[in-house]
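I opened the notebook to record what I looked up in this structure, entry by entry. The topics are contacts, helix packing, aromatic pairs and backbone angles.

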Amino acid sequence: MYYEHETIHDDNLTQVYFSSVENSDILVPAHWHRHLEILYLTEGKMTACINEASYELLPSDILIVNARDIHYTHARRDCHYYLLQIPSIHLERISMDWKLLHFSEYLPKDSSPDSLNFRLNGIFQTFMELEQQKEKGWHLLFLTRLYQFLYLLYTEGSSLLSVQNKNRTERDFLRVEQSMQYVRRHYREPISLHVIATRLSVTPEYFCRLFKKYTGQTFFTYVAQVRLLRFYQDLIQTDESITFLLEKNGITNYKQFMRMFKETYGTTPHRLRMQQNKT
């Protein structure tokens, strides 16, 4: 379950995480991790938000999430993508200033052989083949291609942040992170914007602007997404009544919740549970 800091378990040989992912109407609320994350979409559609920027991904698009950037994703029906997550052990070999590097977030499909998207697509194809076949020494070839991947990102798709901007971003990031931790612990209870802002020693107005800047959504939209995900998990994992699950997960605005549930999962809670019971 990913609310804020996601713990990633790397492969022992390559020391990265690489996986094929198939999702259907799955919403992952705002979260962050210390890995550099790359998503390569092969089928379907996905909405992704990184800080204030929102992207609609289509097949062959590449999304790059910089380490510690808060982001959320909504995979649409029949969505398939490859997920590559690279820890700092590889990133610190790029440059002495690797912590100040910021990689381009969105590389749309581009069939030109000289484009960065086209060349990274080719490397992703090799990743897939090596991971599927896993012949003797496959991890060495994987790492060779990984460093070619990072070389292209570094030389053609990165910029350097100033130390001042990095420090200011870090301070604001910690405030947003603390607010997300609070929601994780108290989502079943009424949540007050005033209480959150007071805990962070800022005004409610400033906190709202800060949260929107670093997550691309309002604070209460994030709260609703966390409650929605917990409700969804309880719905498919337990036999408890829908009314009980609404109360259990702090959901009081039924009409708003139903609209959000249908937008996310394409059906009602009752019908979704029936579909799950048939499988």
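**Entry 1: Arg273 and its surroundings**

Not counting residues up to four places away in sequence, I found that Arg273 touches Asp234, Leu235, Thr238, Asp239, Glu240, Ser241 and Leu245. I note at the outset that this is a predicted model. Arg273 has its place in helix H10, residues 269–278, and with a relative accessible area of 14% it is buried, since buried means under 20%. I also looked up one of its partners, Leu235, which is 38 residues away from Arg273 in sequence, whereas the two C-alpha atoms are 6.6 Å apart in space.

**Entry 2: Helix H4**

I checked the length of helix H4, residues 163–186, against expectation: at 1.5 Å a residue its 24 residues should span 34 Å, and the C-alpha atoms at its ends are 35 Å apart, which agrees. The residues I list as buried in H4 are Asp172, Phe173, Val176, Glu177, Ser179, Met180, Tyr182 and Val183. I then asked which elements the buried residues of H4 pack against. They are strand E2 (26–31), H5, H6 and helix H7 (219–237).

**Entry 3: H4 against H6**

Two packed helices are described by the angle between their axes and by the distance between those axes. For H4 and H6 I noted axes that come within 10 Å and cross at roughly 100°, which makes H4 roughly perpendicular to H6. On the H4 side I recorded Arg168, Thr169, Asp172, Phe173, Arg175, Val176, Ser179 and Met180, which meet Tyr206, Phe207, Leu210, Phe211, Tyr214 and Thr215 in H6. The residues of this contact of H4 with H6 divide by class into eight nonpolar, three polar and three charged.

**Entry 4: H5 against H6**

I next looked at helix H5 (residues 193–200) and helix H6 (residues 204–215), which pack at an angle of about 90° with their axes 9 Å apart. H5 and H6 are therefore roughly perpendicular to each other. In H5, I found Leu193, His194, Ile196, Ala197 and Leu200 meeting Pro204, Phe207 and Cys208 of H6. By class, this contact of H5 with H6 has seven nonpolar residues, one polar residue and no charged residues. Phe207 appears on the H6 side here, and I had already listed Phe207 among the H6 residues that meet H4.

**Entry 5: Aromatic pairs**

How many aromatic pairs does the count come to? I obtained 22 aromatic pairs, with ring centres within 6.5 Å as the rule. Phe207 and Phe211 form a tilted pair, 5.8 Å centre to centre with 50° between the planes. Phe207 and Phe211 both lie in helix H6, four residues apart, about one turn of the helix. As a reminder to myself, an α-helix has 3.6 residues a turn, so residues three or four places apart point the same way. I found Phe207 buried, with a relative accessible area of 0%, and Phe211 buried as well, with a relative accessible area of 0%.

The rings of Tyr232 and Tyr265 have their centres 4.3 Å apart and their planes at 5°, so I logged this pair as stacked. Tyr232 lies in helix H7 and Tyr265 in helix H9 (residues 254–265), so the pair ties together parts that are 33 residues apart in sequence. Tyr232 counts as buried at 13% relative accessibility, and Tyr265 counts as buried at 7%.

I also noted that one aromatic cluster is formed by Phe18, Tyr40, Tyr82, Phe124, Phe127, Trp138, Phe142 and Phe149.

**Entry 6: Positive phi, and the loop residue Asp69**

Most residues other than glycine have a negative phi. I therefore set down Asn51, a residue other than glycine whose phi is near 55°, a positive value. Asn51 has its place in the loop between strand E4 (46–50) and strand E5 (53–57), and at 17% relative accessibility Asn51 counts as buried.

Gln15, although it is not a glycine, has a positive phi of about 55°. Gln15 has its place in the segment before strand E1 (17–23), and at 36% relative accessibility Gln15 counts as partly exposed.

Asn51 led me to Asp69: leaving aside neighbours within four places in sequence, Asp69 is in contact with His31, Trp32, Ile50, Asn51, His102 and Glu105. Asp69 is found in the loop between strand E6 (62–65) and strand E7 (71–75), and at 13% relative accessibility Asp69 counts as buried.

Note on methods:
Residues numbered from 1 in each chain as written. Predicted model: local features only at pLDDT ≥ 70, side-chain atom pairs only at ≥ 80, totals over all residues. Heavy atoms only, no water. Axes fitted to C-alpha atoms, helices over the stretch in contact; angles between N-to-C directions. Helix = DSSP H or I, 4+ residues; strand = E, 2+ residues; numbered from the N terminus. Parallel < 35°, antiparallel > 145°, perpendicular 65-115°, else oblique. Contact = heavy atoms within 4.5 Å. Nonpolar A, V, L, I, M, F, W, Y, C, P; charged D, E, K, R; others polar. Expected span 1.5 Å × (residues − 1). Buried < 20%, exposed > 50% of the residue type's maximum accessible area, 1.4 Å probe, protein only. Phe/Tyr/Trp six-rings, centres within 6.5 Å; stacked < 30°, edge-to-face > 60°.
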